[in-house]
Amino acid sequence: MLEKSGATPAATPPTAAKTSSEYPKLLHMNGTDITTQTPPVDARFFPRDEHFMRLALREAARALDHGDIPVGAVVVHGGEVIAAGHNERELRGDPTAHAEMVALREAARVLDGWRVLDSVLYVTLEPCAMCAGAIVLARVPRVVIGTADPKAGAAGSVLNVLAEPRLNHRPAVDSGLLADECANLLRAFFASRR
Ligand SMILES: [Zn+2]
């Protein structure tokens, strides 16, 4: 399930290869020069974030193979992808088989313990309450989110489990990376079911 391309995280994604300006590639998300917009929506993101979110998107697309809602997640540790998961709720008949849960379980196995430290979790859709809870429990230091989930998101949309001051861990959260692409995948899925 691991992406081999995670071994070369500095590689420029093919879709960004055509941008020829001196600006970092993240200033050209979706082929649009957002340097003309204010404020710069990507100020929170590191150059590698887009690469890893694209891997999460690729993971999300795999959920379509078994009729699951396309949500994907990867866990990056020490600059390498150590775990990846996509939504397998229908495939497994398991209400907990969300992308983040699948990826966190794998990451914990790779790291040989429940603490997923020194890691970043990339997920295409804002985590639900269960997954946000698992992220807190796993002590994940940073979460990068694609598109928001206004109906169930627990990173600020419905609840904000990830920023709850009464819990003993609060990850850094950066939202909105490749949001349109993450949302379009979901839209296409739901449109195809109508
Ligand atoms: Zn979830």
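**Notebook: sheet and helices of a predicted model**

I began with burial and found that 38% of the 194 residues of the protein chain count as buried (20 or more other C-beta atoms within 10 Å of the residue's own, with exposed meaning 12 or fewer, partly exposed in between, and C-beta atoms placed from the backbone). I noted that this is a predicted model, in which local features need pLDDT of at least 70, side-chain atom pairs count only at pLDDT 80 or more, and totals for chains, interfaces and linings use all residues. Residues are numbered from 1 along each chain as its sequence is written.

**Elements**

I then listed the elements and found five helices and five strands in the protein chain, taken as DSSP runs numbered from the N terminus (helices H or I of at least four residues, strands E of at least two). From the N terminus on, I read their succession as α-β-β-α-α-β-α-β-β-α.

**The sheet**

I looked up the strand order next, and the five strands form an open sheet in the order 2-1-3-4-5 with mixed pairing, where two strands pair if DSSP finds at least two bridges between them. The edge strands, each pairing on one side only, are strand 2 (80–86) and strand 5 (172–175). From one strand to the next, the twist averages 15°, with axes being lines fitted to C-alpha atoms, for helices over the stretch in contact, and angles running from 0 to 180 degrees between N-to-C directions.

I followed strand 3 on both sides: with strand 1 it pairs in the antiparallel sense over five bridges, and alanine 73 stands opposite valine 123 of strand 3. With strand 4 (residues 142–147), strand 3 (residues 119–125) pairs in the parallel sense, also over five bridges; there I found tyrosine 122 bridged to valine 144 and leucine 125 opposite threonine 147. Seven of the seven residues of strand 3 are buried, so this strand is largely enclosed by the rest of the structure.

**Helices against the sheet**

I checked the connection from strand 3 to strand 4 and recorded a right-handed β-α-β unit that includes helix 4 (residues 129–137); right-handed means that, with the strands pointing away from the viewer, the path from the first strand over the helix to the second runs clockwise.

Helix 1 (residues 47–62) lies across strand 1 (72–77), strand 2, strand 3 and strand 4, and runs at about 140° to strand 1. Helix 5 (residues 179–193) packs on the sheet and touches strand 3 and strand 4, its direction making about 60° with that of strand 4; contact here means C-beta atoms, placed from the backbone, within 7 Å.

Terms used
Contact = placed C-beta atoms within 7 Å.
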